[in-house]
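Work through the exercises below with the sequence and the model open. Each task is followed by a solution in steps.

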Amino acid sequence: MGGAVPPYGALTLVLVVLMGCTRDVAVAPMITDQDPTPVELQLPAGVLAAVGDPLLPADNPLTAQGIALGRALFYEKALSDDLTLSCGSCHVQANAFADPRAFSEGTDGSIGTRNAMPLVNLAWSAKLFWDGRVQGLEAQAHDPVTNPVEMRNTWPVVESRLNADATYRQRFRAAFGTEQIDSTLVTRALAQFVRSLVSFDSPFDRYWYGGDSTAMSEEAQNGLSLFTSQGKCAGCHAPGLFTDHALRNNGLDVVLSDAGFGAVTGDPADMGKFKVPTLRNIAVTAPYMHDARFATLEQVLNHYNGGVHMASPNVDLLMDFWGMNPTPFSADEINDLSAFLNALTDASFLTDPALAQP
Ligand code: HEC
Ligand code: HEC
């Protein structure tokens with residue numbers, strides 16, 4: 001693992017130096033490596049001001065070659081022990097890269113205990129997984145390959161399979177300047193692809209950032225104002241990412257069966273806290289919550305309208321509102337909230353061929 005990655009262009013430099021000895025001989029055109037092409041995430045006007053700069057690690061800049069390689073690896077079944085699972089098997093584009101199944105199945109059919117999360121705008125997300133146990137997408141991408149309920153593989157096996165493939169060697173050289181494929185570079189490429197999964201083209205975006213007052217129905221506009229004011233939803237699911245990146249308890253249970261962040265830190269004050277998920281594309285990412293307990297958005301809204309357990313350990317202060325007014329919404333208001341949540345679907349993201357299996 002690891003190993004210093006030569007700075008981009010180092011190979012070119014070496015070739016130029018070697019070729020320097022042959023100055024009197026007419027040489028065939030040199031095959032040199034181009035530096036990978038830098039890529040910037042494209043955000044609609046107004047969005048950058050709302051969401052701030054993405055988190056881009058200095059040692060893994062986004063490049064066209066890196067993202068394209070990461071995309072190939074994301075759909076590469078050779079990452080799993082028996083060549084049957086890719087990342088894309090559990091993270092399905094039409095579902096905003098979430099898994100429509102409650103719990104994903106590993107290569108041996110074993111079942112996890114948490115719902116696979118959507119992969120949306122994670123370039124802005126430092127802590128990953130429902131329990132926030134991993135920092136950064138590079139570190140995250142190590143997990144599924146060796147996870148015993150997911151790909152059940154070992155890194156030496158993945159590395160030897162990829163190193164045996166001339167096309168992959170060439171693509172790693174184009175992206176990272178070396179043909180020595182190791183887990184560090186595989187996870188860097190995967191992280192680049194996941195970082196490129198940006199979604200800011202929903203009716204809400206056209207209404208809010210684009211100034212198109214017709215982009216959302218009147219119900220959805222009412223839902224937006226409930227969401228940001230009376231509903232207090234925006235206190236945690238803050239626009240424009242619709243998450244504040246924090247770990248919080250929204251009052252699902254009095255007795256916890258999964259301690260979430262608390263199991264990671266061991267701190268009693270963290271028990272029952274989970275990552276606040278983005279609500280972008282929420283209409284297509286059912287089932288909901290870390291344990292997939294709700295099949296529909298209607299059930300989620302019923303939780304927030306009468307189902308919140310104020311006796312849940314470490315229940316969030318922002319949920320106090322529910323303590324004082326346990327059923328804050330009328331039937332019409334629930335309809336409006338639902339219309340608003342449905343206006344967060346970015347159809348172009350769900351069907352963009354550039355994100356599909358190559
Ligand atoms: C067997 C199904 C399965 C496979 C294969 C799989 N994942 Fe996941 N993924 C999950 C589940 C389940 C979670 C949530 C787990 C948890 O929170 O404990 C998750 C969470 C994530 C997250 C965290 C998202 C967030 O908002 O914090 C990322 C990123 C991710 N997966 C990327 C990948 C990548 C990249 C691959 C391939 C290397 C991959 N996954 C393969 C099921 C899968
Ligand atoms: C105190 C912070 C907080 C507030 C306020 C809040 N939520 Fe949540 N929300 C969360 C957390 C945390 C989760 C994930 C909980 C889990 O899975 O354990 C969540 C999950 C959800 C989900 C499911 C997401 C998924 O991918 O499974 C939806 C939908 C949702 N909230 C909508 C709302 C709406 C609508 C409101 C306002 C009525 C609201 N939330 C208010 C913190 C909050």
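## Exercise 1: the shell of ligand 1

In this predicted model, the shell around ligand 1 is made up of 12 nonpolar, 5 polar and 5 charged residues.

Task: Find which residues are closest to ligand 1, and state where ligand 1 sits.

Solution.

1. Ligand 1 is surrounded by 22 residues, and the closest are Cys87, Cys90, His91, Phe129 and Lys275.
2. The place where ligand 1 sits is the largest pocket. Helix 4 and helix 5 (137–146) are the elements that give two or more residues to its shell.
3. Helix 5 supplies the largest share of that shell, 3 residues.
4. Next come the polar contacts. An N or O atom in the side chain of Arg114 is 3.0 Å from an oxygen atom of ligand 1, and a polar side-chain atom of Lys275 lies 2.9 Å from an oxygen atom of the ligand.

## Exercise 2: the iron of ligand 1

Task: Identify the donor that the protein gives to the iron atom of ligand 1, and place that residue in the chain.

Solution.

1. The iron atom has a single donor from the protein: NE2 of His91, 2.1 Å away.
2. His91 is found in the loop between helix 4 (87–90) and strand 1 (127–128).
3. The side chain of His91 also has an N or O atom 2.9 Å from a nitrogen atom of ligand 1.

## Exercise 3: the shell of ligand 2

Task: Describe the space that ligand 2 takes and the residues around ligand 2.

Solution.

1. Ligand 2 takes up the space of the largest cavity. Strand 4 (274–275) and helix 12 (297–307) are the elements that give two or more residues to its shell.
2. Helix 12 accounts for the largest share, 4 residues.
3. Sorted by class, the shell holds 19 nonpolar, 4 polar and 4 charged residues.
4. Of the 27 residues around ligand 2, those that come nearest are Cys233, Cys236, His237, His290 and Tyr304.
5. For His290, a polar backbone atom is 2.6 Å from an oxygen atom of ligand 2.

## Exercise 4: the iron of ligand 2

Task: Which residues coordinate the iron atom of ligand 2, and what is the geometry of its site?

Solution.

1. The coordinating atoms from the protein are NE2 of His237 and OH of Tyr304, at 1.9 to 2.1 Å.
2. The site has 6 donor atoms with angles of 87 to 180 degrees, and is octahedral. Ideal angles for six octahedral donors are 90 or 180 degrees.
3. His237 and Tyr304 link distant parts of the chain, 67 residues apart: His237 is in the loop between helix 10 (218–228) and strand 3 (247–248), and Tyr304 is in helix 12.
4. Each side chain also has an N or O atom close to a nitrogen atom of ligand 2, at 2.9 Å for His237 and 2.7 Å for Tyr304.

## Exercise 5: backbone exceptions

Task: Locate the cis peptide bond from Pro239 to Gly240, the one from Ala286 to Pro287, and the positive phi of Asn121.

Solution.

1. Start from the general pattern: most residues other than glycine have a negative phi, and most peptide bonds are trans.
2. The bond from Pro239 to Gly240 is cis, with omega near -5 degrees. Gly240 is in the loop between helix 10 and strand 3, the loop that also holds His237.
3. The bond from Ala286 to Pro287 is cis too, with omega near -5 degrees. Pro287 belongs to the loop between strand 4 and helix 12.
4. Asn121 is not a glycine, yet has a positive phi of about 55 degrees. Asn121 is in the loop between helix 4 and strand 1, where His91 is also placed.

Notes
Residues are numbered from 1 along each chain as its sequence is written. Chains are lettered from A and ligands numbered from 1 in the order in which they are written. This is a predicted model: local features need pLDDT of at least 70, side-chain atom pairs count only at pLDDT 80 or more; totals for chains, interfaces and linings use all residues. Side-chain values use heavy atoms; hydrogens and water are left out. A residue is near a molecule or strand if one of its heavy atoms lies within 4 Å of it. A polar contact is a pair of N or O atoms within 3.5 Å; within protein, one must be able to donate a hydrogen and the other to accept it, and residues adjacent in sequence count only if both atoms are side-chain atoms. On a 1 Å grid over the protein atoms alone, a cavity is a set of points where a 1.4 Å probe fits but cannot get out, and a pocket is an open set with protein on both sides within 12 Å along at least five of seven lines; lining residues have an atom within 4 Å of a point. A molecule sits in a cavity or pocket if more than half of its atoms lie within 2 Å of its grid points. Ala, Val, Leu, Ile, Met, Phe, Trp, Tyr, Cys and Pro count as nonpolar, Asp, Glu, Lys and Arg as charged, and the others, Gly among them, as polar. Donors are N, O and S atoms within 2.8 Å of the metal (3.2 Å for Na, K and Ca); water is not among the atoms, so sites may look incomplete. Four donors count as tetrahedral if all angles lie between 85 and 135 degrees; four count as square planar and six as octahedral if opposite donors are over 155 degrees apart and all others between 65 and 115; anything else is irregular.
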